[in-house]
Amino acid sequence: MKKSIPLIIISLLILIFAGCNNNNHQAEKVEVDITLFDNISDPNVSCYRIPAIDCLPNGLLIAVCDQRVESCGDLRHCKDINLVIRKSHDNGQTWTEMETLVDYEYGTSASDPSIIIDKVNNVVFVFYNYMDLINYPNKYRFMYVKSTDNCQTWSEPVDVTDQLSWVGWNYHFKFVTSGRGIQCKDGTLMHTIVNLNTGLFLFGSYDFGENWELISSAILPGDESKVAELNDGTLLINSRINNAGYRYIHTSTNKGRTWTSVADTALTDPGCNAAFFNYASFYKNEFPDVLVFVNANSKNNRKNLTLKTSYDKGETWNEEKTIYEGSAAYSSATVLKNGNLGILYEKDDYTKIQFVTINKDFYSK
């Protein structure tokens, strides 16, 4: 009997220690979890949708989204959509009050924000899609506003539709993918445009945003998509594909002139915008390529927001980490100044836009 008692105690201690470790693991995984935008607190707004998030070189974190006033309809179905912004100076622990970034007169709307940061010159571009539903219904235009003073003030809207369109595109269903684009190692700014009539296109600027142009010919198949650059200069585009149940990966080794496209059935997806980037792109040193992917991890429903990582250029994906099991749709993600992940996503049937941070140890194998 005397010999058995210590064994029992040891067994209990092991169970307790294991339980504590599990709890700590969960606490370390999600460090901040707060609602940034919701229609519950503002009855005059139908919904907040389409999250975009990014981090400036000085650590300022910005979150932008649609403020859809009269209905939750998309751009061509809602005559009053504004862009609103909140900011954080402490890695997402606290946030400023909501400010209006873009607000047109009733009948004209701005939608689908996407952030591109020129870290060389410290310039922030917020692209969006624009429509005058009264005078030119179904005519999509590409616009942006920019800030050169760490998002304290913003320029007047700049129309770049002619730079980013080909002849005959006037009334095509087209849009800049919401979320955020990238800056390559050589300074090139890049992001994706979708033309549902003709295909997916890579666009960018070689002169830090003075001029913009389409870089690629049509990439198929593809809907809302994100581009990432590997350390060796290879470009990867991760694409939404409707009614397939999975994603597509497009690869270019010649800066976007030609592409190889393959289905990635390991990335289960219901046909929804997702977050995708190379963690290494936030560091000037040769940090190993770590691809980050966040999406609604379900074949048929927008739910189960999940984080996956890849250490072999997307050939395989590590064990998934569930962020939220319930209703979840569009997501956008970035790296905070402290190295943690910041994720902004649509939650609970589009009633909230939620912000969470994931401890930087997420990428450990």
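Two strands pair if DSSP finds at least two bridges between them. Keep that in mind for the sheet visited below. The model is predicted.

**Stop one: the sheet.** Select strands S16, S17, S18 and S19. These 4 strands form an open sheet, in the order S16-S17-S18-S19, and their pairing is antiparallel. Now look at the two edges, where strand S16 (225-229) and strand S19 (260-268) stand. Each has a single partner strand, so one side of each is left without a neighbour in the sheet. From one strand to the next, the twist averages 25 degrees.

**Stop two: the S16 and S17 pair.** Hide the other strands and keep S16 and S17. They pair in the antiparallel sense, over 5 bridges. For one position along the way, select Ala228, which stands opposite Leu236 in S17.

**Stop three: Arg240.** Follow the chain on from strand S17 (235-239) into the loop that leads to strand S18 (246-252); Arg240 lies in this loop. Is Arg240 buried or exposed? Its relative accessibility is 10%, and buried means under 20%, so Arg240 counts as buried.

**Stop four: around Arg240.** Show the side chain of Arg240 and two partners. The side chain reaches the backbone oxygen of Gly271 at 3.2 Å. A polar contact of 3.2 Å also joins the side chains of Arg240 and Tyr330. To fill in the surroundings, add the residues that Arg240 touches, leaving aside those up to four places away in sequence. Among them are Gly222, Asp223, Glu224 and Ser225, as well as Arg247, Cys272, Asn273 and Arg302.

Technical notes. Residues numbered from 1 in each chain as written. Predicted model: local features only at pLDDT ≥ 70, side-chain atom pairs only at ≥ 80, totals over all residues. Heavy atoms only, no water. Buried < 20%, exposed > 50% of the residue type's maximum accessible area, 1.4 Å probe, protein only. Polar contact = N/O pair within 3.5 Å; in protein donor to acceptor, adjacent residues only side chain to side chain. Contact = heavy atoms within 4.5 Å. Axes fitted to C-alpha atoms, helices over the stretch in contact; angles between N-to-C directions.
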